[in-house]
Amino acid sequence: MVGNKAHAARALAALSMLAFIPAAPAENRMPANENGYEAWLRYRPITTIDTTTDTTTDTTINRPTNQDISKALSSIHVAGAGPRHTAALDELHRGLSAMLGASPSIDDDTRELSGGLYLGTRTDFEGALPSEIAAMLDDIGPEGYVVASVPNEAGTPAIVVTADDDTGLLYGAFRLLRELQLGADFAALNIVDSPALPLRMINHWDNLDRSTERVYGGFSIFDWPNLPESQPRYRDYSRLMASVGINGIVVNNVNTYKEGRLEGWRIITDEYLDKAAVLAGEFDRYGIKTYFSVNFMSPILFGDLDTADPAERSVQNWWRDRARHIKERIPSFGGFLVKADSEGEAGPHAYGRTHSEGANMLAEALAPVGGVVIWRAFVYRHPEESRGNADRAVQAYEHFAPLDGRFADNAILQIKHGPIDFQVNEPVSSLFSGMPNTNLMLELQITQEYTGNDIHLNFLAPFWRRVLSFDTHRDGPGSPLRDMLQARNGSSTAWGVAGVGNFHDGLNWTGHLLAQSNAYAYGMLAWNPRQSPETIAGDWSELTFGRNPDVAGKIADMLLRSYEIYSKYYFPYGLSLMGWAGGAAPDGNGDRSRPDPYRNIGRYHQTDAIGTGYDRTIATGSGYVGQYPEPLRETYESPQTCPPEMLLWFHYLPYDFEMPSGKTLIQSIYDDHYEGVDMVKALRRDWLSLEGRIDEERYYHVLGKLNLQLSEAILWRDVINGFYLDMSGVPDAAGRVQALDRPYRGLRYGHGPR
Ligand code: GCV
């Protein structure tokens with residue numbers, strides 16, 4: 001590069017801390033502490049990695065040796081400067097030092113790419129990038145990057161990490177480190193990558209007292225009482241999220257008000273903005289914008305207005321001033337997330353206004369500061385309040401579809417993947433087919449509310465991938481959901497995916513160590529919804545447990561089987577809410593004040609003496625099927641064509657209904673639950689076979705979880721099967737199922753706040 005003195009001076013100033021790091025820092029020679037805190041950023045030495053487990057690291061015959069890599073990466077040359085440059089450099093320095101056993105030198109000499117690692121944006125390099133690399137950058141767009149090896153005469157190639165913006169640069173640095181950990185040939189790197197979805201967010205359901213909603217095994221990462229004092233954990237959290245491409249974090253729960261219990265609305269008061277600014281500073285360094293869940297009644301709750309009516313000028317001004325005020329304090333402020341007129345959270349209906357009127361008022365307030373409003377579509381009425389259709393599944397569409405095209409350009413509707421509530425088997429919500437003129441965002445749940453809490457191994461990537469690939473038929477055949485998450489009305493940034501996070505303050509972040517794989521997989525799929533779950537599972541296992549194919553391969557295989565296993569012993573064939581929060585309770589969702597507990601079972605699964613399942617057909621049921629375009633309607637309307645895993649979600653069927661396997665429905669339910677438990681036993685056996693090949697700390701932790709999973713799976717099997725025996729009176733052909741004493745409830749193991 002033609003030297004840019006100003007840049008160079010800034011770069012050196014930014015790097016001055018690092019320049020004094022001694023070669024081979026002592027901690028890199030210490031035995032590894034395998035408490036799970038490092039998650040997938042473990043950076044173990046490349047050849048001596050996992051000596052207890054990893055005796056066959058190098059399986060590729062012509063792979064460059066460790067000495068070659070050490071030589072090629074013994075120096076880092078940085079063009080340009082800024083907080084994200086420093087974050088990228090910091091990570092590279094940390095990762096390379098640990099993996100190669102020696103700290104690379106750092107300088108700002110990028111005049112010639114003569115060997116070593118070169119880091120900088122296209123602008124930083126000021127035309128010194130080889131033309132083939134500059135050409136690679138031409139089509140990548142925001143946040144994309146190039147990681148490439150450039151051969152040179154000296155024989156040791158230069159490795160270039162570059163991008164058009166500093167967030168892309170940071171992602172490129174993480175990508176290089178990931179590739180090296182996965183054993184890529186550094187001399188043949190030729191990676192051009194960019195995200196498919198512009199907004200890749202984590203939603204924290206965390207409260208300001210550090211309790212969490214549906215996050216298992218720990219309290220909030222964010223220590224609100226002690227903020228603005230910082231903690232190293234905030235940076236490590238930001239690193240982990242940025243390493244998988246997360247670029248937006250909502251720091252507080254969408255439930256912002258419950259009298260005497262929840263005061264999340266305070267998040268945008270000055271007291272909490274000062275605290276949030278510390279988190280936002282860390283996030284921003286890693287390319288992550290900060291968002292807040294807000295309460296629609298804020299102008300009354302802590303403003304001095306007596307109305308929150310979105311049509312009132314005073315209310316509009318109040319929100320505009322607040323948005324500007326937040327932006328001044330937190331320059332990386334991204335916008336608001338709103339749960340309104342839902343489960344007790346107030347909204348525009350209080351003033352006779354629609355959801356779009358409420359959302360647009362906030363969108364208008366946020367537009368001058370470049371923010372977006374993300375409005376949740378999770379609304380339903382209690383059956384008793386529902387004057388019309390009591391089926392919860394139909395209600396979101398009824399509320400929102402008529403408002404299609406009425407949302408502002410910087411407003412996004414955030415829709416849960418299924419119409420009920422994060423059930424393990426639900427159809428993809430009809431709203432994704434029904435709102436072609438609205439910016440849409442998909443909401444997934446990384447935390448395992450209905451998918452096993454922090455007890456059950458349940459790798460969700462295969463399921464999420466199926467959701468993202470689902471053909472909505474919105475624009476005719478070939479309209480996958482991932483393509484529906486795109487901007488409408490000319491908006492350029494408002495679309496993407498949100499995941500309810502599963503990270504908390506526990507040492508290994510997720511309670512069940514293997515649940516880290518879900519956070520990793522979420523980031524990978526948000527970046528590239530076409531990625532295969534097999535690749536994600538394989539990479540995560542290697543990054544987390546080392547590159548011994550026998551170990552990592554077995555763990556990846558366990559992950560990939562886990563969703564199907566869980567589905568087998570969980571609620572049958574798409575039935576909803578036969579229990580919650582970790583316990584099967586098929587008769588427990590009714591109104592217990594009624595004399596017959598079975599009378600209200602119908603609310604979610606309609607089980608009686610003749611059959612089971614919720615009739616949502618057009619012909620005889622709630623009509624939910626009619627919210628889809630053809631041919632989905634036709635597929636779902638008939639039990640003969642409905643996908644088996646959703647049979648009882650769409651249909652009420654008699655116990656003697658013949659399943660595709662030829663068995664009756666009731667026998668299939670019984671058998672599945674036994675099969676599911678056997679499959680958990682097999683999972684556990686697989687893990688036992690890894691004894692001695694994984695550090696004891698993680699081995700026994702996971703074994704403990706698998707033991708609990710097996711106990712719970714047996715309990716669920718017996719509770720669900722016993723319930724069906726009692727309801728149907730049809731004995732199990734194999735004579736295994738016993739009637740239980742009522743009530744039918746699986747135990748909830750004590751595992752932390754929820
Ligand atoms: C954050 C379900 C969950 C609630 C959650 C709600 C929502 O009802 O059980 O914990 O509240 O969904 O998504 O808003």
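**View 1. Side chains reaching the ligand in this predicted model.** An N or O atom in the side chain of Lys416 sits 2.6 Å from an oxygen atom of the ligand. Arg376 also gets involved, with a polar side-chain atom 2.7 Å from a ligand oxygen atom. Then there's Glu449, where a polar atom of the side chain lies 2.7 Å from an oxygen atom of the ligand. Zoom out a little and 13 residues surround the ligand. The ones that come nearest are Glu213, Lys339, Arg376, Lys416 and Glu449.

**View 2. Thr447, tucked into a loop between a strand and a helix.** Look for Thr447 in the stretch that links strand E13 (440–445) to helix H15 (461–469). Thr447 counts as buried, because its relative accessibility is just 2%, and the cut-off for buried is under 20%. What does the side chain of Thr447 have within 2.6 Å of a polar atom? That would be the backbone oxygen of Arg214. Setting aside residues up to four places away in sequence, Thr447 touches Arg214, Val215 and Tyr216, and also Val500, Gly501 and Asn502.

**View 3. Helices H19 and H23 where their axes come within 10 Å.** Here we've got helix H19 (residues 549–569) and helix H23 (residues 696–728), with axes crossing at roughly 25°. Angles under 35 degrees count as roughly parallel, so H19 and H23 are roughly parallel to each other. On the H19 side, the residues to pick out are Met558, Tyr566 and Tyr569. They meet Leu706, Gln709, Ala713 and Trp716 of H23. By type, the residues of this H19–H23 contact come out as 6 nonpolar and 1 polar, with no charged ones.

**View 4. Ala609, out in a loop between two strands.** Strand E16 (583–584) and strand E17 (611–612) flank the loop that holds Ala609. Is Ala609 buried or exposed? It's exposed, because its relative accessible area is 53% and the cut-off for exposed is over 50%. Even so, Ala609 has some company from elsewhere in the chain: leaving out neighbours within four places in sequence, Ala609 is in contact with Tyr655, Met727 and Ser728. One more pair to look at here is Ala609 and Asp726, which are 117 residues apart along the chain. Their C-alpha atoms are separated by 8.6 Å.

Technical notes
Residues numbered from 1 in each chain as written. Predicted model: local features only at pLDDT ≥ 70, side-chain atom pairs only at ≥ 80, totals over all residues. Heavy atoms only, no water. Helix = DSSP H or I, 4+ residues; strand = E, 2+ residues; numbered from the N terminus. Buried < 20%, exposed > 50% of the residue type's maximum accessible area, 1.4 Å probe, protein only. Polar contact = N/O pair within 3.5 Å; in protein donor to acceptor, adjacent residues only side chain to side chain. Contact = heavy atoms within 4.5 Å. Axes fitted to C-alpha atoms, helices over the stretch in contact; angles between N-to-C directions. Parallel < 35°, antiparallel > 145°, perpendicular 65-115°, else oblique. Nonpolar A, V, L, I, M, F, W, Y, C, P; charged D, E, K, R; others polar. Near = heavy atom within 4 Å.
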